[in-house]
Amino acid sequence: MSIYDTLNTEQREAVLHTDGPLLILAGAGSGKTRVLTHRIVYLIEEKGINPWNILAITFTNKAAGEMRERVDQLVGFGAESIWVSTFHSTCVRILRRYIDLIGYENNFTIYDSDDQKTLIKDVCKLCGIDTKVYKERSLISAISSAKNEMITPDEYEMNTAGDFAKMKIAKVYHEYEKQLRANNALDFDDLLLKTVQLFQTQPQVLDYYQERFRYIMVDEYQDTNTVQFKLVSLLAAKYQNLCVVGDDDQSIYKFRGANIRNILNFEKEFEHARVIKLEQNYRSTSTILDAANAVIRHNVGRKDKTLWTDNGEGDKIKLCQFDTGYDEAEFIVGDIREHVREGIASYNDHAILYRTNAQSRLFEEKFVAANVPYKIIGGVNFYARREIKDLLAYLKTIDNGQDDLAVRRIINVPKRGIGLTTINRVQESAQQRELGFYEALGGLDLIPGIGRGAAKLESFVALIEYFKGLVDSVSISDLMKEIIDKTGYVELLEAESNEEAQARIENIDELMSKIVAYEDGCEEEPPTLSGFLEEVALVADIDNLDETSDYVVLMTLHSAKGLEFPHVYLAGMEDGIFPSYMTIMADDPEEVEEERRLCYVGITRARENLTMTFARRRMIRGETQYNKMSRFLKEIPMNLLTSGQLIEDEKPEIPTQQAYRQAKASFRTKAFSAKPTQQFTVSKGASLSYDVGDRVRHMKFGDGMVTQITSGGRDYEVTVQFDQAGTKKMFASFAKLTKV
DNA sequence: GTGCCTGCTCACGGG
DNA sequence: GAGCAGGCAC
């Protein structure tokens, strides 16, 4: 009996098909990871392939680590020389070796989205672009999609077709690229794009990697974008041994460029590609699976497949409605506590999934109050915190003096009396002399008007040079200790002696232990500063999930991809939240389809129990919103559901005639009562051009009907039932509603 | 040059 | 509800 006997027919077929292109359409829970690991083992043990010749690309570092571990358990030796990593890590490794061939230095810096934003701001200032008209966010996303589609600034410029806005974007794109290059920095998209450009312009490098990676496997293929596809095609062009695994129904990253055509057209791109479908689900009960199938069936243009299972029917899916998000959180936390108390399950058997990170807050409150261990994945990234970014900027400055952003971040942190004026003078002088910012500090006497600032700048340079002198002789952790010591960073925080400063110090301690952990666990022979900074740049929040710790996990539906839990709660199942307001309002029906796929992902995370919850009203950014139950819930057949809380047919959200009268009456009594304080509001209210029952228009939410107007102190609180956006409560003076 | 206040904008997802 | 730019006083 061999390890391959445990696979089903299709799985075995996929494992044994080693040569030539192969597309595995693997439904949720169909054992694709098992197939991939067994395939690697088969290549090594049965086909005698050198592990060195195998490349496996996963979606997260965590998945990469797990895959290596599993292969390691199955093969005698050599697992460590298989190259298993994410697209981004793979590219960084290649670029660190060869990027000098396309005009960068090999110790380039990786810019995260914060750095990107800072740089774009600078660029806009430089190009005289008003960021009120052209939002940084949209500029970044325009540039990012261009890069994902491998459109260079020049090409972008040629395709503007006289479109004024596009010409502006082209200008920004040009300048942004110039600055990145000057800073010897790459953004996330560049990591992929530059690697493709490297391969396209340096045939000898491409040939080296084609020879090296004779067998290539790509997981989560449905979420690859155009440039990733190009990368894989280039690498696989010679030997054609490319195996991709994906599920078009789980494609949820269109917003960051994922191109679903990569999976739908695989057979066209790679002729003679073998296609194998894995449709048997080993994870969930049939009830859960039926619900998932029922939901996803509403999408058009998907590869036809139906998941089935011979797991039992299991429990029905619990559907619970609550008054507020607060009640929702309380119920879920209580439910989990009960499971644990009854010994049915442990904390880490439970996951709470939601659409947006902001939803985690209510849960956090309740978990703290209930003293239940929990872990929130995502939200504010550890490495995005100010103190961490500051200290890392020191490391970046020491590692790559060309990274102007890093230098400017720390030149006056902690405060050393170098103000904006001085910094701007240096900046100007640097530009004129075509030097980097830090370089320009070398010739202070050449900078006009620098005056008293010069001495301060000099001592800053001396400090950095001192650190640079340490790099080769001390470890990264010792270097960091020295930075903290010499700058007095922690000392200053200690002096503040408040809770916030204390939290920052704790974060710095955590950074120190992360550095030490890197040094201990580093695979590269001597741990390098660049190596550490790169690991920091490429970690995902989900990489920090530890399944062996006993805590309830909270995360977004996006983060949950690839995971599974016995008990899953899908919270906030409301139109406007999930599917999100933006996608409902979008003209493109594809947007709601992507949300539906996300729902499918969520449902299929559950092994035994699924609970879906929604609230009638909930506070969103300080505003009370009234949402209808999610359209996705209505797509689930009734016979699969049970109501944990009272559920009738959906409660009509539009108040009855009677309620109208009541609302109107209460408006009148309030408005015309004799209380002097309210007299004042009457005069205000008299200017309202609409009344209960009127149709009004809102700039963002569109048209709707006023259902209630109440006096809320200085202003009127108006409740409007919008045609598209649901019911919203807002202050009259802010809402700027017009009668239609 | 620094620190504080205010008002404004922005809130979907992430390597 | 939060973070940030810009204005202002010191």
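K303 touches L23, L25, D248, I263, L264 and E267, leaving out residues up to four places away in sequence, where contact means heavy atoms within 4.5 Å. This is a predicted model, in which local features need pLDDT of at least 70 and side-chain atom pairs count only at pLDDT 80 or more, while totals for chains, interfaces and linings use all residues. Residues are numbered from 1 along each chain as its sequence is written, chains are lettered from A and ligands numbered from 1 in the order in which they are written, and side-chain values use heavy atoms, with hydrogens and water left out.

K303 itself lies in the loop between α14 (286-296) and β9 (317-324); helices (H or I, at least four residues) and strands (E, at least two) are here DSSP runs, numbered from the N terminus. With a relative accessible area of 16%, K303 counts as buried, since buried means under 20% relative accessible area, exposed over 50%, and partly exposed in between, computed with a 1.4 Å probe on protein chains only.

Burial on a wider scale appears in the nonpolar cores, each of which is a set of buried Ala, Val, Leu, Ile, Met, Phe, Trp, Tyr and Cys residues joined through side-chain atoms within 4.5 Å. The largest has 52 residues, and within it L441 and L511 touch the most other members. Helix α21 (residues 453-470) gives the most to this core, with 8 residues. When neighbours within four places in sequence are set aside, L441 is in contact with I411, V426, L457, F460 and V461. A second, separate core of 47 residues includes I296, L545, I577 and F614. In soluble globular proteins, nonpolar side chains tend to be buried together.

Helix α25 (residues 529-538) is also mostly covered, with 9 of its 10 residues buried. The buried residues of α25 are L529, S530, G531, F532, L533, E534, V536, A537 and L538.

The text now turns to the nucleic acid. DNA strand B is surrounded by 25 residues, of which the closest are K135, R137, R355, T421 and R621; a residue is near a molecule or strand if one of its heavy atoms lies within 4 Å of it. These residues divide into 6 nonpolar, 11 polar and 8 charged, where Ala, Val, Leu, Ile, Met, Phe, Trp, Tyr, Cys and Pro count as nonpolar, Asp, Glu, Lys and Arg as charged, and the others, Gly among them, as polar. Seen from the strand, 53% of the atoms of DNA strand B within 4 Å of the protein belong to sugar or phosphate, and the rest belong to bases.

Several side chains make polar contacts, meaning pairs of N or O atoms within 3.5 Å; within protein, one must be able to donate a hydrogen and the other to accept it, and residues adjacent in sequence count only if both atoms are side-chain atoms. A polar side-chain atom of R137 lies 2.5 Å from a phosphate oxygen of DNA strand B, while for T422 an N or O atom of the side chain is 2.9 Å from a phosphate oxygen of the strand, and for N412 the corresponding distance is 3.2 Å. The elements that give two or more residues to the surface near DNA strand B are α9 (188-201) and α19 (420-432), and α19 gives the most, with 3 residues.

Some backbone features deserve a look in this model. Most residues other than glycine have a negative phi, and most peptide bonds are trans. The peptide bond from V413 to P414 is cis, with omega near -5°, and P414 is found in the loop between α18 (404-410) and α19. A cis peptide bond also runs from F578 to P579, with omega near 5°, and P579 lies in the loop between β13 (565-570) and α26 (581-585).

Two residues that are not glycines have a positive phi: for E220 the angle is about 50°, and for N371 about 60°. E220 sits in the loop between β6 (215-218) and α11 (226-236) and is buried at 9% relative accessibility. N371, in the loop between α16 (360-370) and β11 (374-376), is exposed, with a relative accessible area of 68%.

Finally, the structure holds 0 disulfides, a disulfide being a pair of cysteine sulfur atoms within 2.5 Å. For C124, the nearest cysteine sulfur is that of C127, 7.0 Å away, and C124 is buried, with a relative accessible area of 1%. For C320, the nearest cysteine sulfur is that of C599, 16 Å away, and C320 is buried at 0%.
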